[in-house]
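Subject: Structure for you to look over

Dear colleague,

I am passing on the structure we spoke about, together with some notes on what turned up when I went through it. Please open it alongside this message, as the notes refer to individual residues.

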Amino acid sequence: MRYSSLSSGSEGNALVIEAGSPSRGQPFRLMVDCGLALSEVVSRLEQRELLPSDIDLIFVTHEHKDHIGGVARLAKAHGIPVMATRGTFAAVGLAFWKDVQCLQVVPGVPIQIESVELTPLAVPHDAAEPACLRVRDGHHSMACVTDLGRVTDYLRASLQGLDAIFLEFNHDREMLMTGPYPPALRERVGGGWGHINNEQAAAFLLELLHPDFQVVTAAHLSQKNNTVGLVDGVLSGLSLGEASYQIASQAEGSPWTVLA
């Protein structure tokens, strides 16, 4: 299993995951979200030696533009099916999905595709029916967990035993409270239905650690209320054992991360 972020942040998100034993001469390739323009997606896939036609499925976590903005165009242009919850599909209206193959999922119910198991998990966020995603094959398990206002016991229980996690480190609490956002937006971002901050993410990460955990990718950093330096400072101060960390960016995403 390996994964690479094409871009991560409020201007557009897309994550590619390769998993499973190749049964068709290549692994199963999944894209989680696509908030980028089609030309940008093509360019960033090419940088990772992939074509849009190599993507087998797009999973959409929720309907906010930075996650869904480029999904329909990519899906239509290359015949890629789209998977999401009923609430996410409904939130943007039927016209958005015209000529797209839509596959509805229910949070908490695993879907088996060849040797890969996909499990959407409900998260608290200000969207219709948002979900994060756990991906398992016969060898590894990882999760993409962004856009959540708080960490729930359900998520703690559902995400044990991971080899890797692509985890939101959205904002620094002090920067948010003293930054340019108006009070209502600060409350939305920092509240229980918004985004978790660096300290919340770090605490959650520590609850998920186990001897075989390999890597965390810090994701969805706010450009106005966070910095790479602050996230690096938080992560470097944690006792991660043999595990490593990296930080995904808006401009570059993150390189291929291969799970051993």
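Below are notes on the cores, a helix pair, the cysteines and several single residues.

Please keep in mind throughout that this is a predicted model, and that every value below was computed from it.

I begin with the nonpolar interior. The largest nonpolar core has 29 residues, and L159, I165, L167, F169 and L205 are those with the most contacts inside it. At least two residues of this core come from each of β10 (141-145), β11 (164-168), α8 (198-208), β12 (215-219) and α9 (228-236), and α8 gives the largest share, namely 5 residues. To see how one of these residues is placed, take I165, which, leaving aside its neighbours within four places in sequence, is in contact with Y3, A143, V145, L205, L208, F213, V215, V216 and T217. There is also a second, separate core of 25 residues, which includes L15, L118, A131 and A248. As a general point, nonpolar side chains in soluble globular proteins tend to be buried together.

Two of the helices that supply the largest core, α8 and α9, can also be described as a pair. Their axes come within 10 Å and cross at roughly 30°; angles under 35 degrees count as roughly parallel, and α8 and α9 are therefore roughly parallel to each other. The crossing in which α8 passes α9 is right-handed. On the α8 side the contact is made by N198, E199, A202 and L205, and on the α9 side by L230, V231, V234 and L235.

I247, in strand β13 (residues 244-247), is in contact with A218, L221, V228, V231, D232, L235 and G253, leaving aside its neighbours within four places in sequence. I247 is partly exposed, with a relative accessible area of 22%. The C-alpha atoms of I247 and V105 are separated by 30 Å, and these two residues are 142 apart along the chain.

Since you may be thinking about cysteine chemistry, how many disulfides does the model contain? The count comes to 0 disulfides, where a disulfide would need a pair of cysteine sulfur atoms within 2.5 Å. For C102, the closest cysteine sulfur is that of C34, and because the two sulfurs are 15 Å apart they are too far for a bond. C144 is likewise in no disulfide, the nearest cysteine sulfur being that of C132, 7.8 Å away. As for their surroundings, C102 is partly exposed, with a relative accessible area of 32%, whereas C144 is buried, with a relative accessible area of 3%.

Two residues have backbone angles that you may want to look at in the viewer. Phi of D147 is near 60°, which is a positive value in a residue other than glycine, and D147 is found in the loop between β10 and α5 (153-158). H220 also has a positive phi, near 55°, and is again not a glycine; the place of H220 is in the loop between β12 and α9. Are these loop residues buried or exposed? D147 is buried, with a relative accessible area of 2%, and H220 is buried too, with a relative accessible area of 3%.

Finally, here are two charged residues. E63 sits in the loop between β4 (57-59) and α2 (65-68), and at 15% relative accessibility E63 counts as buried, because the limit for that class is under 20% relative accessible area. Not counting residues up to four places away in sequence, E63 touches I68, T88, A91, V92, A127 and A128. E63 and L259 are 196 residues apart in sequence, and their C-alpha atoms are 30 Å apart in space.

K76, in helix α3 (residues 71-78), is partly exposed, with a relative accessible area of 42%. Not counting residues up to four places away in sequence, K76 touches F96, K98, D99 and V100. From K76 to W97 the distance is 9.1 Å, C-alpha to C-alpha, and the two are 21 residues apart in sequence.

With best wishes

Conventions
Residues are numbered from 1 along each chain as its sequence is written. This is a predicted model: local features need pLDDT of at least 70, side-chain atom pairs count only at pLDDT 80 or more; totals for chains, interfaces and linings use all residues. Side-chain values use heavy atoms; hydrogens and water are left out. Buried means under 20% relative accessible area, exposed over 50%, partly exposed in between (1.4 Å probe, protein chains only). A nonpolar core is a set of buried Ala, Val, Leu, Ile, Met, Phe, Trp, Tyr and Cys residues joined through side-chain atoms within 4.5 Å. Helices (H or I, at least four residues) and strands (E, at least two) are DSSP runs, numbered from the N terminus. Contact means heavy atoms within 4.5 Å. Axes are lines fitted to C-alpha atoms, for helices over the stretch in contact, and angles run from 0 to 180 degrees between N-to-C directions. Angles under 35 degrees count as roughly parallel, over 145 as roughly antiparallel, 65 to 115 as roughly perpendicular and the rest as oblique. A crossing is left-handed if the near helix is turned anticlockwise from the far one by less than a right angle, and right-handed if clockwise.
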